[in-house]
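Visitor: Could you take me on a close look at the aromatic rings in this model, and at what sits around them? I would enjoy one connected tour.

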Amino acid sequence: SKTVISGMTGDRKGTVYVVAHGEILRVEGATGKQLGSIQYPEGNRFDSITITPDGGLYAMWYEAQYGLITSVKGHRDDLVRFDADGKVTKVIRGFISDQTGDPETHTEVAVDGLGTIYALGGTFNLSVFKFTPEGKFVTRFGSRGDEPGQFSFPRAIAVDNQSRVYVADN
(Lines give C-alpha, C1' and ligand atoms only; values in the text may rest on other atoms or scores of the structure.)
Protein backbone atom coordinates (compact mmCIF):
# COMPACT_ATOMS: atom_id res chain seq x y z
CA SER A 1 0.00 0.00 0.00
CA LYS A 2 1.18 3.51 -0.73
CA THR A 3 1.82 6.07 1.97
CA VAL A 4 -0.47 9.07 1.76
CA ILE A 5 1.35 12.23 2.91
CA SER A 6 -0.96 15.11 3.80
CA GLY A 7 1.51 17.48 5.45
CA MET A 8 5.22 18.13 5.76
CA THR A 9 7.51 20.68 7.40
CA GLY A 10 11.12 20.86 8.56
CA ASP A 11 13.02 22.50 11.38
CA ARG A 12 16.39 24.27 11.41
CA LYS A 13 18.11 21.16 12.82
CA GLY A 14 17.27 19.10 9.74
CA THR A 15 14.38 17.12 11.16
CA VAL A 16 11.47 16.67 8.77
CA TYR A 17 7.98 16.14 10.15
CA VAL A 18 5.67 14.19 7.87
CA VAL A 19 1.96 13.58 8.34
CA ALA A 20 1.27 10.14 6.89
CA HIS A 21 -2.10 8.44 7.31
CA GLY A 22 -2.91 11.01 10.02
CA GLU A 23 0.20 10.29 12.11
CA ILE A 24 3.04 12.78 12.66
CA LEU A 25 6.39 11.11 11.93
CA ARG A 26 9.86 12.50 12.67
CA VAL A 27 12.40 11.82 9.94
CA GLU A 28 16.10 12.67 9.70
CA GLY A 29 16.18 14.93 6.65
CA ALA A 30 19.69 14.00 5.48
CA THR A 31 19.17 10.22 5.54
CA GLY A 32 15.41 9.61 5.57
CA LYS A 33 15.79 7.53 8.73
CA GLN A 34 12.60 7.49 10.79
CA LEU A 35 13.18 8.93 14.27
CA GLY A 36 9.80 8.06 15.73
CA SER A 37 6.38 9.62 15.88
CA ILE A 38 4.58 12.23 17.91
CA GLN A 39 1.80 10.76 20.00
CA TYR A 40 -1.53 12.46 20.60
CA PRO A 41 -4.03 11.06 23.13
CA GLU A 42 -7.07 11.65 20.89
CA GLY A 43 -5.60 9.62 18.03
CA ASN A 44 -3.83 10.05 14.72
CA ARG A 45 -6.13 12.25 12.66
CA PHE A 46 -3.72 15.00 11.65
CA ASP A 47 -3.48 16.75 8.31
CA SER A 48 -1.65 20.06 7.80
CA ILE A 49 1.46 20.82 9.88
CA THR A 50 3.88 23.73 10.23
CA ILE A 51 6.95 24.58 12.30
CA THR A 52 6.91 27.47 14.78
CA PRO A 53 9.69 30.03 15.31
CA ASP A 54 10.75 28.26 18.54
CA GLY A 55 10.98 24.82 16.90
CA GLY A 56 7.56 23.60 17.98
CA LEU A 57 4.76 22.48 15.71
CA TYR A 58 1.17 23.36 14.92
CA ALA A 59 -0.92 20.59 13.40
CA MET A 60 -4.56 20.39 12.38
CA TRP A 61 -6.48 17.52 13.94
CA TYR A 62 -9.97 16.44 12.87
CA GLU A 63 -12.62 14.53 14.75
CA ALA A 64 -13.98 13.46 11.36
CA GLN A 65 -13.01 14.57 7.86
CA TYR A 66 -14.87 12.36 5.47
CA GLY A 67 -18.40 11.39 4.54
CA LEU A 68 -21.49 13.56 4.23
CA ILE A 69 -20.83 16.66 6.33
CA THR A 70 -23.69 19.05 6.88
CA SER A 71 -22.92 20.60 10.28
CA VAL A 72 -20.10 21.06 12.78
CA LYS A 73 -21.57 18.36 15.03
CA GLY A 74 -19.14 15.46 15.04
CA HIS A 75 -16.65 17.27 12.80
CA ARG A 76 -14.34 19.15 15.14
CA ASP A 77 -11.29 20.90 13.66
CA ASP A 78 -8.66 21.48 16.35
CA LEU A 79 -5.29 23.20 16.15
CA VAL A 80 -2.78 21.33 18.32
CA ARG A 81 0.44 23.01 19.49
CA PHE A 82 3.43 20.80 20.28
CA ASP A 83 6.68 22.01 21.82
CA ALA A 84 10.06 21.08 20.30
CA ASP A 85 10.02 17.81 22.28
CA GLY A 86 6.65 16.76 20.85
CA LYS A 87 4.62 17.48 23.99
CA VAL A 88 1.15 19.02 23.62
CA THR A 89 1.18 22.57 25.00
CA LYS A 90 -2.14 23.88 23.68
CA VAL A 91 -5.27 22.73 21.89
CA ILE A 92 -7.63 25.20 20.25
CA ARG A 93 -10.85 23.29 19.70
CA GLY A 94 -13.02 24.24 16.73
CA PHE A 95 -10.19 26.36 15.34
CA ILE A 96 -12.00 27.47 12.17
CA SER A 97 -15.54 26.17 12.73
CA ASP A 98 -15.92 28.23 15.93
CA GLN A 99 -15.21 31.38 13.88
CA THR A 100 -17.67 30.58 11.11
CA GLY A 101 -20.30 28.19 12.43
CA ASP A 102 -19.52 26.01 9.41
CA PRO A 103 -17.57 22.74 9.47
CA GLU A 104 -14.06 22.68 8.05
CA THR A 105 -12.37 19.48 6.94
CA HIS A 106 -9.20 20.81 5.36
CA THR A 107 -7.23 23.68 6.86
CA GLU A 108 -3.67 24.53 5.91
CA VAL A 109 -1.63 26.36 8.57
CA ALA A 110 1.37 28.69 8.42
CA VAL A 111 3.19 30.76 11.04
CA ASP A 112 5.23 33.92 10.57
CA GLY A 113 8.44 34.78 12.41
CA LEU A 114 6.49 36.53 15.17
CA GLY A 115 4.37 33.45 15.81
CA THR A 116 1.22 34.84 14.17
CA ILE A 117 -0.90 31.93 12.94
CA TYR A 118 -2.53 31.93 9.50
CA ALA A 119 -5.05 29.29 8.54
CA LEU A 120 -6.45 28.64 5.09
CA GLY A 121 -9.93 27.16 5.18
CA GLY A 122 -10.06 25.12 2.01
CA THR A 123 -13.28 23.11 2.04
CA PHE A 124 -16.24 25.18 3.23
CA ASN A 125 -14.65 28.48 4.32
CA LEU A 126 -12.54 29.68 1.42
CA SER A 127 -10.74 32.32 3.44
CA VAL A 128 -7.53 33.08 5.31
CA PHE A 129 -7.95 33.38 9.08
CA LYS A 130 -5.38 35.29 11.15
CA PHE A 131 -4.76 34.51 14.85
CA THR A 132 -2.40 35.91 17.47
CA PRO A 133 0.46 33.68 18.64
CA GLU A 134 -1.78 32.77 21.59
CA GLY A 135 -4.51 31.58 19.22
CA LYS A 136 -6.95 34.50 19.53
CA PHE A 137 -8.86 35.23 16.32
CA VAL A 138 -7.87 38.57 14.70
CA THR A 139 -9.42 38.75 11.25
CA ARG A 140 -10.53 36.88 8.16
CA PHE A 141 -9.95 37.79 4.53
CA GLY A 142 -10.75 36.31 1.14
CA SER A 143 -13.90 34.57 -0.05
CA ARG A 144 -15.21 32.21 -2.71
CA GLY A 145 -14.98 33.55 -6.27
CA ASP A 146 -12.77 34.34 -9.25
CA GLU A 147 -11.91 37.98 -8.51
CA PRO A 148 -8.67 39.23 -6.89
CA GLY A 149 -8.67 38.26 -3.22
CA GLN A 150 -11.09 35.41 -3.84
CA PHE A 151 -10.43 31.67 -4.02
CA SER A 152 -11.94 28.81 -5.98
CA PHE A 153 -9.88 25.83 -4.73
CA PRO A 154 -7.15 27.02 -2.33
CA ARG A 155 -4.64 24.29 -1.41
CA ALA A 156 -1.56 25.85 0.23
CA ILE A 157 -0.52 28.86 2.31
CA ALA A 158 2.87 30.37 3.13
CA VAL A 159 4.03 33.49 4.97
CA ASP A 160 7.34 35.25 4.26
CA ASN A 161 9.65 37.18 6.61
CA GLN A 162 7.64 40.37 6.00
CA SER A 163 4.39 38.62 7.08
CA ARG A 164 3.09 38.67 3.50
CA VAL A 165 0.63 35.84 2.95
CA TYR A 166 0.72 33.67 -0.19
CA VAL A 167 -2.06 31.32 -1.19
CA ALA A 168 -1.90 28.66 -3.91
CA ASP A 169 -5.32 28.48 -5.56
CA ASN A 170 -5.97 25.88 -8.27
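Guide: Let's begin with a term: a charge sits over a ring if NZ of Lys or CZ of Arg is within 6 Å of the ring centre and within 35 degrees of the ring normal. Please keep in mind that this is a predicted model. With that term in hand, look at Arg81, whose charged end sits over the ring of Tyr58 at 5.3 Å from the ring's centre. Arg155 offers another case, lying over the face of Phe153, 4.7 Å from the ring centre.

Now for rings that meet rings. The structure holds seven aromatic pairs. One of them joins Phe95 and Phe131: the ring centres are 4.1 Å apart and the planes make an angle of 25°, so the pair counts as stacked, the cut-off for stacking being under 30 degrees. This pair links distant parts of the chain, as its two residues are 36 residues apart. Phe95 belongs to the loop between strand 8 (88–92) and helix 1 (97–100), while Phe131 is in strand 11 (residues 127–131). Both Phe95 and Phe131 are buried.

Phe131 has a further partner in Phe137, and here the arrangement is edge-to-face, with 5.7 Å from centre to centre and 70° between the planes. The two residues of this pair differ in their surroundings: Phe131 is buried, with a relative accessible area of 1%, whereas Phe137 is partly exposed, with 31% relative accessible area. Elsewhere, ring pairs bring Tyr40, Phe46, Trp61 and Phe82 together into a cluster.

Two of the aromatic residues we have met, Phe95 and Trp61, also lead us to Asp77, since both are among the residues in contact with Asp77 beyond its neighbours within four places in sequence. Others in that group include Met60, Tyr62, Ile92 and Glu104. Asp77 is found in strand 7 (residues 77–82). What is the nearest side chain of opposite charge to this buried residue? That is Arg76, 7.3 Å away, and Asp77 has no salt bridge; the cut-off for one is 4 Å. Asp77 does have a polar partner, though: its side chain makes a polar contact with the side chain of Ser97, at 2.5 Å. Ser97 also appears among the contacts of Asp77, along with Ile96 and Gly94.

To finish, a stop away from the rings: Gly32 lies in the loop between strand 3 (23–28) and strand 4 (34–38). Gly32 is partly exposed, with a relative accessible area of 49%.

Terms used
Residues numbered from 1 in each chain as written. Predicted model: local features only at pLDDT ≥ 70, side-chain atom pairs only at ≥ 80, totals over all residues. Heavy atoms only, no water. Helix = DSSP H or I, 4+ residues; strand = E, 2+ residues; numbered from the N terminus. Buried < 20%, exposed > 50% of the residue type's maximum accessible area, 1.4 Å probe, protein only. Lys, Arg positive; Asp, Glu negative; His and termini not counted. Polar contact = N/O pair within 3.5 Å; in protein donor to acceptor, adjacent residues only side chain to side chain. Contact = heavy atoms within 4.5 Å. Phe/Tyr/Trp six-rings, centres within 6.5 Å; stacked < 30°, edge-to-face > 60°.
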